[in-house]
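Trainee: I keep meeting labels like "buried" and "stacked", and I'd like to know where they come from. Can we go through some together?
Mentor: Sure, let's take a look.

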Amino acid sequence: MNKADLIEIVRETAGCTKASAGDAVDAVFEAMAKSLKKEGGFTIVGFGTFKVSKRGARKGRNPQTGETIKIAASKSVRFKASKQLKDIL
């Protein structure tokens, strides 16, 4: 499923226009990103938990040359599915 598919599902379910369904999906994604940035995570009951995870700097290896390289610290998003979602799957 991609964003266009999600917009189409929202449009059919809510009985609204494609533009307003797109606005709704964009608003949800924007709210999720803001919450991750400000609070470090959030939970959608019955679906799962999104949390910002920090990865420390480390050394890696260039596979072409074998040279050791420095990999900078970074942040990523982790998702943990709720029990209800796991049961559905």
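Trainee: Why is Glu12 called exposed?
Mentor: Keep in mind that this is a predicted model. Glu12 has a relative accessible area of 54%, and the label "exposed" needs over 50%, so Glu12 gets it. Glu12 sits in helix 1.

Trainee: What makes Phe47 partly exposed?
Mentor: Its relative accessibility is 36%. Buried means under 20% and exposed means over 50%, so Phe47 with its 36% falls in between. You'll find Phe47 in the loop between strand 1 (41-44) and strand 2 (48-55).

Trainee: And which residues make a nonpolar surface patch with Phe47?
Mentor: Ile44 and Phe79 join Phe47 there, and the patch comes to about 250 Å². Phe79 is partly exposed too, because its relative accessibility is 40%.

Trainee: How do you know that Phe50 is buried?
Mentor: Phe50 has a relative accessible area of 15%. The cut-off for buried is under 20%, so Phe50 passes. Phe42 is buried as well.

Trainee: Why is the pair of Phe42 and Phe50 called stacked?
Mentor: Two steps here. The ring centres are 5.0 Å apart, and a pair needs centres within 6.5 Å. Then the planes are at 25 degrees, and under 30 degrees counts as stacked, so this pair is stacked.

Trainee: What makes the pair of Phe50 and Phe79 tilted?
Mentor: Their centres are 4.8 Å apart, with the planes at 45 degrees. Stacked needs under 30 degrees and edge-to-face needs over 60, so a pair at 45 degrees is tilted. This pair links distant parts of the chain: Phe50 is in strand 2 and Phe79 in strand 5 (residues 74-81), 29 residues apart.

Trainee: Which residues form one aromatic cluster?
Mentor: Phe42, Phe47, Phe50 and Phe79.

Trainee: How do you know that Arg11 and Glu8 meet in a salt bridge?
Mentor: Their side chains come to 2.5 Å, N to O. A salt bridge asks for within 4 Å, so they qualify. Both are in helix 1 and three residues apart, which means they are separated by about one helical turn.

Trainee: Why does that spacing matter in a helix?
Mentor: An α-helix has 3.6 residues a turn, so residues three or four places apart point the same way.

Trainee: Where else do we get a salt bridge with that sort of spacing?
Mentor: Try Glu30 and Lys34, whose closest N and O atoms are 3.2 Å apart. They're four residues apart in helix 2, so again about one helical turn. Lys34 counts as exposed at 54%, while Glu30 counts as partly exposed at 45%. Asp87 and Lys83 form a salt bridge too, at 3.0 Å, and both lie in helix 3 (residues 83-88), four residues apart.

Trainee: What makes Ser53 and Arg78 a polar contact?
Mentor: Their side chains come to 3.3 Å, and the limit for the N or O atoms is 3.5 Å. Ser53 lies in strand 2 and counts as buried, because its relative accessibility is 15%.

Trainee: How do you know that helix 1 is close to its expected span?
Mentor: Helix 1 (residues 3-14) reaches 16 Å from its first C-alpha to its last, and 16 Å is what you'd expect at 1.5 Å a residue. Right after helix 1 comes Gly15, with a positive phi near 65 degrees.

Conventions:
Residues are numbered from 1 along each chain as its sequence is written. This is a predicted model: local features need pLDDT of at least 70, side-chain atom pairs count only at pLDDT 80 or more; totals for chains, interfaces and linings use all residues. Side-chain values use heavy atoms; hydrogens and water are left out. Patches are made of residues with over 30% relative accessible area and no salt bridge: like charges are joined within 9 Å, nonpolar side chains (Val, Leu, Ile, Met, Phe, Trp, Tyr) within 5 Å. Accessible areas come from the Shrake-Rupley method with a 1.4 Å probe; for residues, only the protein chains shown count as cover. Helices (H or I, at least four residues) and strands (E, at least two) are DSSP runs, numbered from the N terminus. Buried means under 20% relative accessible area, exposed over 50%, partly exposed in between (1.4 Å probe, protein chains only). The expected span of a helix is 1.5 Å times one less than its number of residues. Rings of Phe, Tyr and Trp (its six-membered ring) pair if their centres lie within 6.5 Å; planes under 30 degrees apart count as stacked, over 60 as edge-to-face and the rest as tilted. A polar contact is a pair of N or O atoms within 3.5 Å; within protein, one must be able to donate a hydrogen and the other to accept it, and residues adjacent in sequence count only if both atoms are side-chain atoms.
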